[in-house]
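Thanks for making the time this morning. I would like to take you slowly through one structure, and please have the sequence and the 3D view open while I talk.

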Amino acid sequence: MEASTESEAPAVPADAPTEKRGFSRRRLLGAGAAGLAGLGAAAAGGYVVADARSGAKNEVGDAAGSVPFHGTHQAGITTPAQDRLHFVSFDITTENRADLVDLMREWTKAAERMTAGDPAGDLGGLVEAPPADTGEALGLPPSQLTLTIGFGPSMFDKRFGLTSRRPPALVDLPSFPGDDLEEARSGGDIAIQACAHDPQVAVHAVRNLARIGFGAVAVRWSQLGFGRTSSTSRDQATPRNLFGFKDGTANLKAEDAKLLQEQLWADGADGAPWMANGSYLVARRMRMHIETWDRTSLDEQQVIFGRFKGSGAPTTSPDQSTAEFDEFEFDTVTGASEPVIAENAHTRLAHPDFNNGARLLRRGYNFVDGSDGLGRLDAGLFFLAYQRDPRKQFIPIQQNLARSDAMNEYVKHVGSAIYAVPPGVTKGGYWGDTLLR
Ligand SMILES: C=CC1=C(C)c2cc3[nH]c(cc4nc(cc5[nH]c(cc1n2)c(C)c5CCC(=O)O)C(CCC(=O)O)=C4C)c(C)c3C=C
Ligand SMILES: [Fe+2]
């Protein structure tokens, strides 16, 4: 289904006032009762997009190509977000540290091969043994596969002698108001995020890593995702989440070198020298009440996000069709002296101005895992956010949101995990070697 196209008149009149007082929310928000009366969107309000197909540009460069595995940082963080995700969380089943190191070496070799488009192992083995690759990605291109590993707080318990190496920033997440977390979708000792433009390539990678890990790790939970919900590079169009809004407009982007240093990459002086050039990942499975949302007026939807549904522009911008990257004018008020960006709007509560300057690199994906037996889609956003210190970033932002976000009526947090994501691997090294060697 396509939204109305650019040739239609903007829902907000060109002469809409931009002064800080006397701003009419009705005019800003576009859709009135007439918009629901079945009239054409242009004449009646509704929402318009500058280019109905702008979200189609989902990849940067060669979608079939490969992303280098080695580097200062792991790939899959600032890498332009690919279209598909298979995220897996493992419990470690061995108690032997040497087994863990062997696993990391084996996994690294397989990851180097698979991200280059090769099978996980040499196919010329014995016919009496299971093959060294499961086969379903043979003939498929690398599809920009990235594999990113993270270590959960539970890996730093007594089993492997790592207690004193637990980074101070790798805290257990507190419980937030409204959390409805399922054990079977939360936590884990080790996570691997597989992103690719081809879902078969991502699933193949996780399947083979799980196969190689048999006897040392067991899958605790996993999540498939489609339709990235964030752009991580300015070369990417901003995609949409399942509420139909552009998501990722104000994200940290690969090009923001100074901000990435301040807000994304851990520093050796942060309390865990082995984490220098690594990052911290928070994963939250957020169920979205799609059916309720779909019965909510366009006005209400836009008030919740403080952004126009069509263009993603702040509702304080006079021109809703082109101003996606405008800054918010949080002081702007309506004729009734109400803030145009409501006090409980998601974007106000999550904005760095109200969070001590904290930012996140969001890298989430949409999911639809069928329906729930009650006629509702089991759908939502698998929220992934990388940051330098969750104590200063995800936790305070989520505390703000959990307390007051108008969006809370439409979402439920059902899964949660946090991981320390070690630095990138140098040639000849292995995943986690700065911690385990
Ligand atoms: C704790 C952090 C956040 C959670 C959890 C979260 C969930 C969530 N968000 C959307 C949709 C949108 N979020 C947008 C912006 C935005 N969200 C967060 C943080 C969390 N979101 C931040 C830090 C920001 C940026 C704020 C800013 O600086 O302006 C937007 C607007 C577009 C954008 O900038 O990306 C949308 C839309 C959903 C649907 C969701 C859970 C289901
Ligand atoms: Fe958000």
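Let me begin at ligand 1, which in this predicted model is surrounded by 28 residues, the closest being Phe245, Thr249, Ala250, Ala350 and Gln398. If you ask which elements give two or more residues to that shell, they are strand β5, at 279-288, helix α8, at 346-350, strand β8, at 377-387, and helix α9, at 394-404. Of these, α9 gives the most, with four residues. As for the character of the shell around ligand 1, its residues divide into 15 nonpolar, nine polar and four charged.

Let us stay with α9 for a moment. Which of its residues are buried? They are Phe394, Ile397, Gln398 and Leu401, and you will recognise Gln398 from the closest residues around the ligand. Seen down the axis of α9, these buried residues fall within an arc of 95°, so they line one face of the helix. What do the buried residues of α9 pack against? They pack against β5, α8 and β8, and those three elements were also named as giving two or more residues to the ligand shell.

Now to the interior. In soluble globular proteins, nonpolar side chains tend to be buried together. Here the largest nonpolar core has 88 residues, and those with the most contacts inside it are Ala194, Ala202 and Ala205. Helix α3, residues 97-115, gives the most to this core, with seven residues. Apart from this core lies another, of six residues, among them Val48, Leu298, Phe308 and Ala313. To return to one residue of the largest core, Ala205, if we leave aside its neighbours within four places in sequence, is in contact with Met114, Leu145, Leu147 and Ala194.

Finally, a word on confidence. The chain averages a pLDDT of 89, and 87% of the residues score at least 70. Among the elements, strand β2, residues 146-151, has the highest mean pLDDT, at 99, whereas helix α1, residues 25-29, has the lowest, at 34. Over residues 1-43 the pLDDT stays under 50, although the model has 84 contacts beyond four places in sequence for them. Over residues 54-58 the pLDDT is also below 50, and this stretch has eight contacts in the model beyond near neighbours in sequence. Where pLDDT is low, the predicted coordinates should not be read in detail. For the complex, the predictor gives an ipTM of 0.99 and a pTM of 0.90.

Definitions and conventions
Residues numbered from 1 in each chain as written. Chains lettered and ligands numbered in written order. Predicted model: local features only at pLDDT ≥ 70, side-chain atom pairs only at ≥ 80, totals over all residues. Near = placed C-beta within 6 Å. Nonpolar A, V, L, I, M, F, W, Y, C, P; charged D, E, K, R; others polar. Core = buried A, V, L, I, M, F, W, Y, C linked by C-beta atoms within 7 Å. Buried ≥ 20, exposed ≤ 12 C-beta atoms within 10 Å, placed from the backbone. Contact = placed C-beta atoms within 7 Å. Arc of directions from axis to C-beta. pLDDT = per-residue confidence, 0-100.
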